[in-house]
Amino acid sequence: MSSPSLLLRATELIGHPVVTVDGGEALAEVKDVVYGTAEASLLGFTLNHRGFLGGPMKQVLAWSRVAALGRHAVMVATAGDLEDRHDALVEDVKGARRRNVIASEVMTDTGERLGEVTDVVLHIGAAPEVVGYEIGGSEVLTPRSGGHVFIPLPETLAVSGEALMVPATVRDFVSDDLSGFGAAVERFRDHLRTGGAPAAAPEGER
Amino acid sequence: MRRLSEVAGLKVLSKASAEKIGKLDRILVDVPPRRVVAVQVGRDEVVDWEALSGIGHDAVVVDDEQRVRAAADAWEERALSGDFDWKGKIVLSDRGNQMGTVVDVEIDEQSGELLALDTSEGPVDANRLRALGSYCVVVRYQADAALPG
């Protein structure tokens, strides 16, 4: 059962509490989302202490330790999921800042520039995953929505520090609002699976 | 079934002496097993659920004032300081979605079992409760429930 509210921009998670499922305690809040470049992944989150005196925490939360992502909280199993033993991740996180997928150019395999990545779109829930990107600065797609469109994540995709490579067919699945994006993702995935012509996107679909 | 709002503030009497011991300030609920384990009857004073002989409409009766004791562990101390108070607490599903805040709690006054939460968005069956913390109540996601989470 997909509903529009199950899609979220990754940056909307900033400020969300990190809560233990079997404790009901808020351990931290999300300071920043750390994007990877490979496979459109999120590496995890940097954290702030909660409350008035909340400053940055030494601990980070790795993506693999997230039990669920919701509209109001990031859930983890236990407080141990934040511990300093993820030293390797802390290094990854620092390194990732220099090769952030945000602001990468989006280029089709026919050499057309579609814009640049402004955010990552997540399907939230018990098995959260990256399903697409928010693209800004696009002249090609001429969005009606103030320069921002959503583009579904192809199942195969090349990313470098230079560009995000997408198949040209992705243009048929672009959505200019997040609420219609869930259906666009499904159509695009079906298309990749069957290798057929893109199904006509109903105009004005919610 | 009794609501927390109905029993909170009731006077607490001793069955042995008929003396007033105090008033019911809080119920201490362990989640799981989603059961009242003790009640607070005064500042830093609790009585185990097993020592209650009845929760009526007008009073809570304790077997004997000898059963009044201090907090026994860190969890009870936190409970007495209000960390696990129900009213106003955020209700969060284990998927990270908020389901309102706690308005009231329904308990079975015979067994001490927690029956349901009344939240600002509607009732939630107590068998979905996973944890009670100082930040929130965690409720299991349930697709076919009125409030799935």
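# A shared core and two chains

Modeller: In this predicted model, the largest nonpolar core has 95 residues. Those with the most contacts inside it are Val18(A), Leu61(A), Val74(A), Ile151(A), Val39(B), Val91(B) and Val137(B).

Biologist: What makes the set a nonpolar core?

Modeller: Two conditions: its members are buried residues from a list that includes Val, Leu and Ile, and they are joined through C-beta atoms within 7 Å. The 95 residues of the largest core are such a set.

Biologist: Which element gives the most to this core?

Modeller: That's strand 3 of chain A, residues 26–35, with seven residues.

Biologist: Take Val137(B). What is it in contact with, leaving aside its neighbours within four places in sequence?

Modeller: Gly24(A), Lys89(B), Val91(B), Val102(B), Leu117(B), Leu129(B) and Leu132(B). Each of these counts because its C-beta atom lies within 7 Å of that of Val137(B).

Biologist: Val91(B) turns up again there. Which way does it point from strand 9 of chain B, and is it buried or exposed?

Modeller: Val91(B) and Ser93(B) point one way, Ile90(B) and Leu92(B) the other, and all are buried. The test for that word is 20 or more other C-beta atoms within 10 Å of a residue's own, and these four residues of strand 9 count as buried.

Biologist: How do you know that strand 9 of chain B pairs with strand 10 of chain B?

Modeller: Pairing needs at least two bridges. Strand 9 and strand 10 (residues 98–107) of chain B run antiparallel and are joined by two, so they pass. Leu92(B) has Gln98(B) as its bridge partner in strand 10 of chain B. The two strands also form a hairpin with four residues between them, and Gly96(B) in the turn has a positive phi of about 90 degrees.

Biologist: How many bridges join strand 9 of chain B to strand 14 of chain B, and in which sense do they run?

Modeller: Four bridges, and the two strands run parallel. Within strand 14 of chain B, Cys136(B) is the bridge partner of Ile90(B).

Biologist: Where does chain B touch chain A, then?

Modeller: The contact takes 16 residues from chain B and 19 from chain A. On the chain B side, strand 9 (90–93), strand 13 (129–132) and strand 14 (136–139) each give two or more residues. By class, that side has seven nonpolar, six polar and three charged residues.

Biologist: Over in chain A, what makes the six-stranded sheet an open one with edges?

Modeller: The order is 5-4-3-2-7-6, with mixed pairing. Strand 5 (56–62) and strand 6 (68–69) of chain A each have a single partner strand, so one side of each is left without a neighbour in the sheet. Strand 6 pairs with strand 7 (residues 74–76) of chain A in the antiparallel sense over two bridges, and Leu69(A) stands opposite Val74(A) there. Val74(A) is also one of the residues with the most contacts inside the core.

Biologist: What does strand 8 of chain A form with strand 9 of chain A?

Modeller: A hairpin with four residues between the strands; Gly111(A) in its turn has a positive phi of about 85 degrees. The strands run antiparallel and three bridges join them, with Met107(A) opposite Arg113(A). Strand 8 of chain A also runs parallel to strand 13 (residues 163–166) of chain A, joined by four bridges. One bridge pairs Glu105(A) with Ala163(A).

Biologist: Back to chain B. Why is it called as compact as a globular protein of its length?

Modeller: Chain B holds two helices and 14 strands. Its radius of gyration is 16 Å and the globule rule gives 15 Å for 149 residues; the two are close, so the description fits. Along its principal axes the C-alpha trace spans about 50 × 30 × 20 Å, and 37% of the residues count as buried.

Biologist: How is chain B divided into domains?

Modeller: Domain 1 covers 2–80 and domain 2 covers 90–139. Their centres are 21 Å apart, taken over C-alpha atoms. In the contact between them, 11 residues of domain 1 meet 12 of domain 2. Strand 1 (2–3), helix 1 (4–7) and strand 5 (35–42) of chain B each supply at least two residues of the domain 1 side, which divides into six nonpolar, one polar and four charged.

Definitions and conventions: Residues are numbered from 1 along each chain as its sequence is written. Chains are lettered from A and ligands numbered from 1 in the order in which they are written. This is a predicted model: local features need pLDDT of at least 70, side-chain atom pairs count only at pLDDT 80 or more; totals for chains, interfaces and linings use all residues. Domain bounds come from an automatic or database domain assignment. Two residues are in contact if their C-beta atoms, placed from the backbone, lie within 7 Å. Ala, Val, Leu, Ile, Met, Phe, Trp, Tyr, Cys and Pro count as nonpolar, Asp, Glu, Lys and Arg as charged, and the others, Gly among them, as polar. A residue is buried if 20 or more other C-beta atoms lie within 10 Å of its own, exposed if 12 or fewer, and partly exposed in between; C-beta atoms are placed from the backbone. The radius of gyration is taken over C-alpha atoms; the globule rule is 2.2 Å times the number of residues to the power 0.38.
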